[in-house]
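Got the viewer open? Let's walk through this one stop at a time, selecting as we go.

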Amino acid sequence: MSYPKTSGILLSDARIRRFEAEAKDTFERSCTARLILNKVDPKSEGDFRKIGINHIVDRIWFVDGVFGNSVFATPSGAQYGIAVAESESRLVLEKLLTVARDKTKECVTEVTGDPMEAEVHQLLDKLESGGLRPTGILASLDQSTRFWDFKLFAPSHEVRRGLMSPEGTFRGVPVFHSRLLPAGVIVSIDREESGTLEVRTDFNIRVSEIHDQQDRESIRKALPNLADADLDEKVRVLCYEIVKATLEIETYTPFQIIARKGTELQLRTFK
Amino acid sequence: MFISYTDRDGLGKTYANELRHVLEQNGFADVYYFDHSRAGSLGLPVWGESGIPMEIRNRDVLIVMCTTAILASPPAEREYCIAIQADKLVIPLRYDDAPVPSALPHFYDSFDNSNYAQIFRIVADNLPNNYRRHCENLDRIRLTLASIQISDEHAQPSPEVGEVGPS
């Protein structure tokens, strides 16, 4: 789509601040991985991963003004918060399911059909019998709504602010959902004993002009359809975090899973 | 289109019916709501995967009729939770000064006995645009998710063309 020229207009600080604040707020409401692992300062070296996005987007969304009959609203930063949070969750849940596949006997209970209330009780009991204290239940989409049928489920009537707000509680343990989990799966975990999410750089996002000539050349190399002059009408949205997820599994298994019989313990993927 | 309501206050079903008529007159053929008061007598597997969850997932939009007893209705709450989780467009409609559940979007139209027909027509007229915007938002989220790069901590993510827009 071709937009009016804006290169002579200053970027709006207010728009950028709102965009960045919305991205950060959405990230904090969506970072399900941090229900599984405690966030800590870095204490080790190596194996840190950068989860990032480097987007070249139209500048017009970040300037004030009326263009003909059009006014461009402040853009939403939510998509960046959601994307990084979901990728962080994928990193952590992938580790968890890898352990589950390797130690099926210790941590996976298969049931015929959908897990019933008694089986969810057993899931929590099993974790507690190992000396752990369930801090959260993470269910696949289909299973999270089934909790409503359970006698001991208390729906949350409070403001739900994204994935970090529980659907309710079961036996006092908050119940969350993740679209990444395969259907028919419920995970119970003790976050205090499960390991750590070392955070070298927490979620951050920055909108900036693209002035540096070397930078422009490298962008054009990666995106040959953009002419040099096109970059005057673009800004960069750079968004990333640097983290390392470690699941504590040497001495015990800090989680238990119920899975419908035949369920492949693989994360769901989306187009 | 799925309409979620409660009839504990004797209001929800009436307005759900009225809304259904207006939506159908505006060309929305597939309008559905479930009468929970009859669920037991029909012996239906209401909440099984082939019941209400599937009816909601098969539709694009869920409208919540927020009448005075809406907060006291677990079925309505469960319905809109399923819709929110499934990324459906969820639209609250507030009757008079009835409460609007906090999980729902904070922007909504209000109606009362005197103007419901007019308000429902406005809602129906605006639906295609609202749904288009909702889909554009979802598309931007999908595109951004597809742009995620996981790398060594010192690497710079490669540039990609992105799209932003209003929520």
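What share of the 271 residues in chain A is buried? Colour chain A by burial and you should get 40%. Keep in mind that this is a predicted model.

**Stop 1: chain A as a whole.** Show the cartoon for chain A, with its 7 helices and 13 strands. Its C-alpha atoms fill a box of roughly 65 × 40 × 30 Å along the principal axes. If you draw the contacts with a separation of 6 or more, 87% of them link residues 24 or more positions apart.

**Stop 2: the sheet.** Next, pick out strands 5, 13, 10, 6, 9, 8 and 7 of chain A, in that order: these 7 strands make an open sheet with mixed pairing. At its edges sit strand 5 (108-111) and strand 7 (153-155) of chain A, each pairing on one side only. Look across the sheet and you'll see a twist that averages 25° from one strand to the next.

Now zoom in on the strand 5 edge. Select residues 255-260 of chain A, which are strand 13; this strand runs parallel to strand 5 of chain A, and 4 bridges join the two. For a landmark, find A:E110, which stands opposite A:A259 in strand 13 of chain A.

**Stop 3: a helix pair.** Select residues 13-30 of chain A for helix 1, then add helix 3 of chain A: the two axes come within 7 Å and cross at roughly 35°. The crossing is right-handed. Show side chains where they meet: helix 1 of chain A brings residues including A:E22, A:F27 and A:S30, and helix 3 of chain A answers with residues including A:Y80, A:I82 and A:E86. Colour this contact by class and you get 7 nonpolar, 3 polar and 4 charged residues.

**Stop 4: over to chain B.** Bring chain B into view. Its contact with chain A takes 41 residues from chain A and 36 residues from chain B. On the chain A side, the elements giving two or more residues are strand 2 (49-58), helix 3 (78-102), helix 6 (141-144), helix 7 (213-222) and strand 12 (234-247). Strand 2 of chain A has the largest share, with 9 residues. By class, that side of chain A has 22 nonpolar, 10 polar and 9 charged residues.

**Last stop: pairing between chains.** Stay on strand 2 of chain A and select residues 160-161 of chain B, which are strand 6 there; the two strands pair in the parallel sense over 2 bridges. Which residue in strand 6 of chain B is the bridge partner of A:I56? Click on B:V161.

Key:
Residues numbered from 1 in each chain as written. Chains lettered and ligands numbered in written order. Predicted model: local features only at pLDDT ≥ 70, side-chain atom pairs only at ≥ 80, totals over all residues. Pairing = 2+ DSSP bridges. Axes fitted to C-alpha atoms, helices over the stretch in contact; angles between N-to-C directions. Buried ≥ 20, exposed ≤ 12 C-beta atoms within 10 Å, placed from the backbone. Contact = placed C-beta atoms within 7 Å. Nonpolar A, V, L, I, M, F, W, Y, C, P; charged D, E, K, R; others polar. Left-handed = near helix turned anticlockwise from the far one by under 90°.
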